[in-house]
Amino acid sequence: MSKESLGSRLASFVSGGLVRVFLVVVGLFWLVPTIGLLLSSLRPPEEMTVSGWWEVFSKPSQLTFESYDKLLGNSDITDSILNTVLITVPATVLVVVIGSLAGYAFAWMEFPGRDWWFLGVVGLLVVPVQVALIPIAELFGNIGIFGSLIGVILFHVGFGLPFAVFLLRNFFAEIPRELLEAARLDGAGELRLFFRVVMPLGGPAIAALGIFQFLWVWNDMLVALIFTDADSQPITVALQTQVRQFGNNIDILAPGAFISMVIPLVVFFAFQRQFVSGVMAGAVK
Amino acid sequence: MASTQAAGGGAPPAAPKSRRSVTGTRRAVAALFLLPALVLLGALVVYPIGYSVIRSFYDQSGDGFAGFDNYQALFTDDGIRTALKNNVIWVVFAPTVATALGLIFAVLTERVRWGTAFKLVVFMPMAISMLAAGIIFRLVYDQDPDKGVANAVWVGVHDTFAQSSAFPKAHPGRESPLEAAPGGGFITKATVSAGTPVTLPLVGVAPDQMPDDAKRAVQAKADPDGITGTTWQDFTRGKGVGTLGGVDASELGYAGLRIEAVKDGKVVASTNAADDGTFTLPAAAEGAQLRLPPDNFKEPYNGVDWLGPSLVTPSIIVSYIWMWAGFAMVLIAAGLAGIPRDLLEAARVDGAGEWQVFRRVTVPLLAPVLAVVTVTLMINVLKVFDLVFIIAPGSSQDDANVLALELYRKGFSEDQPGIASAIAVFLLLLVIPVMWFNVRRLRREVRR
């Protein structure tokens, strides 16, 4: 082996080591804040006001579910968790169903101005939700659904649809024509074709869209902050009112934030692939 | 933007040459399929755009036409100007730093076996809400170094290089042998001599502020060959319990306190007190005055005020990057996977070093992806709201203000819907180039 290649091998060994050290440090930077939240939520509140969460490493006996117990006994919080579910599930299902119908129509039906309509929808992809807050608040106030679950759900559906239609239309357009024609020859009607052929074939795109929309709505605070009231507020809104007195209520904030993260994290780890493709396709939002 | 890829990645749909309806659909059926989507989009997205535009030209009550007054307020109102300035900082730094980090992570993770695990860790914050991320960073940035991890690390590093003092509020009590020294600290009124133990009693250190290694104070023994003495907290809780100027059972020594012997303004000897507060100085200190230099009594270094007026915006941007660098990394890694390996190999065979390969081959080939990621993040950053709303404490929220937050305040707590609408329209105008770009790109694909 020549001297030179030994030298370059040494260099690559050293640089490989540096890369590893760098990535470990970065990984710690990314992990520590979340671990801090978790451990904070597992310490007794009176300890939280005097010392940092890292104390549990020297005093593991501090770990307790006390804060969780107390939090889950608080009906405001449990109600708000229920509201999060009641908002997120319909908003996701409606976007998937309505988006699929329209996506299919844009992909495979013939009607005047079809492509222009579709481009119009694509144009709406980047419209910031901020534009709609004031007008929709007035509109909902006039028709009496301001502060209700229905209002928030509708808002999320409206702003979820451009992406849904866009994603699904592109995916449905790839379905081989022969499949649709064969089903048609077998005498399938429009609805049957849609539910039996198009929806199943669109599975991957629908999954990606569903997961994306689910997390989007679950994690939303701004829309709910404006369109819900004390009875319909989701967990994000319930917690933000606590943030205003940050300091002596870590025992509510830390476990509350962690509970609000559990479902998204489970979804994230269970459906990584779909989530990634949803995020990649959703780069527009 | 990146969105021409349907789920699962892959090439944009190669639409059939003629996309005549396979189903021979009647128009009425098509209309039924489209109706729910179009009605909702019309009512919830299109109508508000029009309404906001019109509303932005009316005054706050909505009755009088105001012309461009609301838009003028965008540039004259102090609050909005701070918000604008901060938005510029956000748009310039957050997307570029996140994209640069994403690029670095994507390239480096290809070289380690646990790259996937690393990616998972960095990508994970994408799944959680900005509210949760905000609370997470509120904890991180806690001012108290005993509670906030950012300041704990910062103070730890700082104190490694600069000795911190242990007795910030200590001072002589009544009838003390000590007096304030010129230039700070305290000095004995009398000179000291060997064989006579010195007492240096102080008071004023809160019990929980005493050093952990401080032990019960001990009366120093006389030593004919040197100066001995004790320095301690001369205070026992309870009226008249302790002896003034004498060492009592429950009193702690000032472990580590610095003591200097001064003769004619010159330091002739110095030492630090032991854990029980005793100290010994060499015979050279005979006839000197003992001084406790001011370094002993400095306030301890308390770290950085991360969420104070001057640092609050950069601090929140860091939390944003924590959330979104993973997004950049994943998109760039996908782009990286699409680069033909032979191209990189060929460059290496030609003698290019790793850095050159990165600079001259990888980055140029990734340029389109990098542009998409940066622009996407810019749009996202324009609308940033939750993180600022949650992380900035009330006292510095004005300093951290951004347009989306100002819109919320004006529209929903200050009852100025005209100005809020103008901010909304302004935000919309900023994203119109991207809207136009999306539509133009898709038009080519759609019409075949």
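Here a trainee and a mentor talk through a predicted model with chains A and B.

Trainee: Before we start, what pLDDT do local features need here?
Mentor: Residues are numbered from 1 along each chain as its sequence is written, and chains are lettered from A, with ligands numbered from 1, in the order in which they are written. Side-chain values use heavy atoms, leaving out hydrogens and water, while totals for chains, interfaces and linings use all residues, side-chain atom pairs count only at pLDDT 80 or more, and local features need pLDDT of at least 70.

Trainee: How many residues of chain B are in contact with chain A?
Mentor: Contact means heavy atoms within 4.5 Å. On that rule, chain A brings 114 residues, and chain B brings 110 residues.

Trainee: And what is the area buried between chain A and chain B?
Mentor: The size of an interface is often given as the accessible area lost when the parts come together. Buried area here is what two parts lose in accessible area (1.4 Å probe) on being put together, summed over both. Carbon and sulfur atoms give 77% of it, and the total is about 10000 Å².

Trainee: How many residue pairs are in polar contact across the interface of chain A and chain B?
Mentor: A polar contact is a pair of N or O atoms within 3.5 Å; within protein, one must be able to donate a hydrogen and the other to accept it, and residues adjacent in sequence count only if both atoms are side-chain atoms. With both residues at pLDDT 80 or more, the rule finds 6.

Trainee: Which helix gives the most to the side of chain A that touches chain B?
Mentor: Helices are DSSP runs (H or I, at least four residues) and strands are too (E, at least two), numbered from the N terminus. The helix in question spans residues 3–41 and gives 15 residues, and its name is α1 of chain A.

Trainee: Is strand β4 of chain B buried or exposed?
Mentor: Buried means under 20% relative accessible area, exposed over 50%, and partly exposed in between (1.4 Å probe, protein chains only). Both faces of β4(B) are covered, with I227(B), G229(B), T231(B) and Q233(B) on one side and T228(B), T230(B) and W232(B) on the other. 7 of the 7 residues of this strand (residues 227–233) meet the rule, so β4 of chain B is largely enclosed by the rest of the structure: buried.

Trainee: Which strand of chain B runs antiparallel to β4(B)?
Mentor: Two strands pair if DSSP finds at least two bridges between them. Strand β3 (residues 198–202) of chain B runs parallel to β4(B), with 5 bridges, and T199(B) has T230(B) as its bridge partner. On the antiparallel pairing, T228(B) stands opposite T280(B); 4 bridges join β4(B) to residues 278–281, which form β7 of chain B.

Trainee: What relative accessible area does K410(B) have?
Mentor: Side chains of opposite charge can pair when their charged atoms come close. A salt bridge is a side-chain nitrogen of Lys or Arg within 4 Å of a carboxyl oxygen of Asp or Glu, and K410(B) forms one with D77(B) at 3.6 Å and another with E414(B) at 3.3 Å. Its partner D77(B) is partly exposed at 24%, and E414(B) is partly exposed at 39%. K410(B) itself is buried, at 4%.

Trainee: How many residues apart in sequence are the parts that E110(B) and R341(B) tie together?
Mentor: These two form a salt bridge, with the closest N and O atoms 3.6 Å apart. E110(B) is partly exposed at 42%, as is R341(B) at 41%. E110(B) lies in the loop between α3 and α4 of chain B and R341(B) in helix α8, so the pair ties together parts whose separation in residues is 231.

Trainee: Which residues of chain A is M126(B) in contact with?
Mentor: M126(B) sits in the loop between α4 and α5 of chain B and is buried, at 14%. Leaving aside neighbours within four places in sequence, M126(B) meets M323(B), W324(B) and F327(B) in chain B, and in chain A F275(A) and V279(A).

Trainee: Which backbone oxygen lies 2.5 Å from a polar atom of the side chain of T228(A)?
Mentor: T228(A) is in the loop between α11 and α12 of chain A and is buried, at 10%. Among the residues T228(A) touches are I87(A), G147(A) and V152(A). The backbone oxygen at 2.5 Å belongs to A224(A).
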